[in-house]
Amino acid sequence: MHIIVIGSGMLGLSTADNLVMSGADVTLVDARDLGAGTSGTSFAWTNANGKLDPAYHELNIAGMKEHSRLADTLPGPRTYHRSSGLQMADARQAPKLEEKIARLSELGYPSELLSADRVSEIAGDISVPENIELIAHFPSEGYVVTEQLLHNLRAHAVEHGAKLVRGTVTEVDEGGAQVEVHLGDGRVLSADRVVLATGRWTQALAQASGFETPMNDEIGRGSAVTGLLGYVKTNSTRVKAVVHTPELNLRPGEDGTIVVQALDLNPQVDPAAPPTNEGPFAKEMAERFTAVTNDSTPSLIDLRVSYRSLPADGFTIAGFAAGLSRTYCLVTHSGITLGPLLGRLAAEELVADSQQDLLENFRPTRFKYATATVGHLGPPLQLGDQ
């Protein structure tokens with residue numbers, strides 16, 4: 001069976017790697033560099049923390065377990081770190097955090113309350129702000145070194161036979177004996193099945209191909225899709241876990257960097273005029289970093305505009321576009337947590353023609369039978385929202 005995978009982010013590479021290891025003939029197509037879409041600008045926090053819908057929570061728990069399995073089997077430098085996660089709430093946020101902890105406990109999600117004097121033991125050089133009233137610890141959470149994981153997956157897939165094609169896909173045509181993938185330069189690739197793993201570009205390509213995968217895909221100031229990440233260079237601060245505070249989120253990065261995120265700044269980010277490393281966004285993030293670490297103002301914060309791949313109802317899309325379709329759609333805003341799991345489950349459905357129970361609530365065909373128009377979600381602003 002020949003399968004074309006469109007997209008070389010976390011979902012596309014995970015799917016391609018699992019397919020080729022299942023014996024499929026795989027061609028991986030992308031117009032952009034490795035991880036140039038959402039995967040390359042993700043906070044990369046592995047969790048099921050704010051995912052309280054039971055089916056979605058179960059899927060994300062399975063995704064976290066899949067990362068542990070993959071870390072033990074995939075060649076290359078280790079990229080998954082079960083570091084645990086902390087959330088600190090002030091008086092305004094504490095009631096919501098207490099409510100969430102209670103709900104997560106009902107779902108069996110590990111959590112505990114911490115005193116301020118235990119924070120440095122778990123998270124490193126973190127200073128607890130004076131206004132913090134509640135600190136929650138989630139020991140099963142962690143983070144991914146995304147760029148290295150993408151390299152590991154691609155190298156493994158290519159080593160076992162996956163072929164790489166650079167090109168812009170304009171349309172998927174199911175009208176013939178095989179599915180045809182049309183490229184912008186006039187080339188046409190044919191296969192038995194096609195996997196659409198194109199992130200925030202999914203809806204446009206799906207519409208051009210004659211089917212629907214509704215997305216929140218508006219990019220602009222104040223959109224639910226647009227965000228901002230900072231990469232802090234410092235030799236004096238050590239962060240060991242994923243940390244959420246009222247004003248700044250932090251996690252360990254690559255090569256000694258610390259990845260930071262300020263959710264309340266996201267609605268002010270204009271992709272048409274991206275923030276600079278010398279501008280007010282960088283200054284504000286540096287001041288917040290200093291406040292939560294007691295570090296001197298970092299010499300450099302490298303800012304990158306980030307974009308979420310966000311299905312219209314917020315939940316993962318996984319499955320064939322329609323009943324007899326040969327195009328399999330994969331898109332989620334939990335791509336780092338779920339990528340390895342969705343790649344394996346999608347490969348099993350494609351190669352073995354099986355139905356994976358974990359995916360049954362997330363088929364793209366659910367939008368056809370919705371009784372009301374799917375609303376657009378707002379940007380993540382609260383503690384643990386993203």
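A hairpin joins strand 10 to strand 11 through five residues. The model is predicted. Besides this hairpin, the briefing covers an open sheet of eight strands, a buried strand 22, the contact of helix 1 with helix 5, and two residues other than glycine with positive phi, Ala44 and Asp353.

**Strands 10 and 11**

- Strand 10 covers residues 169-173 and strand 11 covers residues 179-183.
- The two strands pair in the antiparallel sense, over four bridges.
- Asp173 has Glu180, in strand 11, as its bridge partner.

**The open sheet**

- The sheet is open, its pairing is mixed, and its eight strands follow the order 6-7-5-16-17-18-15-19.
- Its edge strands are strand 6 (112-113) and strand 19 (300-307), each of which pairs on one side only.
- Within the sheet, strand 5 (residues 85-89) and strand 16 (residues 242-244) pair in the parallel sense, with three bridges.
- Gly85 has Val242, in strand 16, as its bridge partner.

**Helices lying across strands**

- Helix 3 (residues 94-106) lies across strand 5, strand 6 and strand 7 (134-138).
- The angle between helix 3 and strand 7 is about 30 degrees.
- Helix 7 (residues 280-293) lies across strand 15 (226-233), strand 17 (249-252), strand 18 (257-261) and strand 19.
- The angle between helix 7 and strand 19 is about 110 degrees.

**Strand 22 and its partners**

- Five of the five residues of strand 22 (residues 327-331) are buried, so this strand is largely enclosed by the rest of the structure.
- Both faces of strand 22 are covered: Thr327, Cys329 and Val331 are buried on one side, and Tyr328 and Leu330 are buried on the other.
- Strand 13 (residues 193-196) runs parallel to strand 22 and is joined to it by three bridges.
- In that pairing, Val194 stands opposite Thr327 of strand 22.
- Strand 21 (residues 317-320) pairs with strand 22 in the antiparallel sense, over four bridges.
- Ile317 has Val331, in strand 22, as its bridge partner.
- Strand 21 and strand 22 form a hairpin, with six residues between them.

**Helix 1 against helix 5**

- The axes of helix 1 (residues 10-21) and helix 5 (residues 146-159) come within 9 Å and cross at roughly 30 degrees.
- Angles under 35 degrees count as roughly parallel, and helix 1 and helix 5 are therefore roughly parallel to each other.
- The crossing of helix 1 past helix 5 is left-handed.
- On the helix 1 side, the contact is made by Met10, Leu13, Ser14, Asp17, Val20 and Met21; on the helix 5 side, by Thr146, Leu149, Leu150, Leu153, Arg154, His156 and Ala157.
- By class, this contact of helix 1 with helix 5 has eight nonpolar, three polar and two charged residues.

**Residues with positive phi**

- Ala44, a residue other than glycine, has a positive phi near 60 degrees.
- Ala44 lies in the loop between strand 2 (25-30) and strand 3 (45-46).
- With a relative accessible area of 2%, Ala44 is buried, because buried means under 20%.
- Asp353, also a residue other than glycine, has a positive phi near 55 degrees.
- Asp353 lies in the segment after helix 8 (335-352).
- With a relative accessible area of 65%, Asp353 is exposed, because exposed means over 50%.

How values were computed. Residues are numbered from 1 along each chain as its sequence is written. This is a predicted model: local features need pLDDT of at least 70, side-chain atom pairs count only at pLDDT 80 or more; totals for chains, interfaces and linings use all residues. Side-chain values use heavy atoms; hydrogens and water are left out. Axes are lines fitted to C-alpha atoms, for helices over the stretch in contact, and angles run from 0 to 180 degrees between N-to-C directions. Angles under 35 degrees count as roughly parallel, over 145 as roughly antiparallel, 65 to 115 as roughly perpendicular and the rest as oblique. A crossing is left-handed if the near helix is turned anticlockwise from the far one by less than a right angle, and right-handed if clockwise. Contact means heavy atoms within 4.5 Å. Ala, Val, Leu, Ile, Met, Phe, Trp, Tyr, Cys and Pro count as nonpolar, Asp, Glu, Lys and Arg as charged, and the others, Gly among them, as polar. Two strands pair if DSSP finds at least two bridges between them. Buried means under 20% relative accessible area, exposed over 50%, partly exposed in between (1.4 Å probe, protein chains only).
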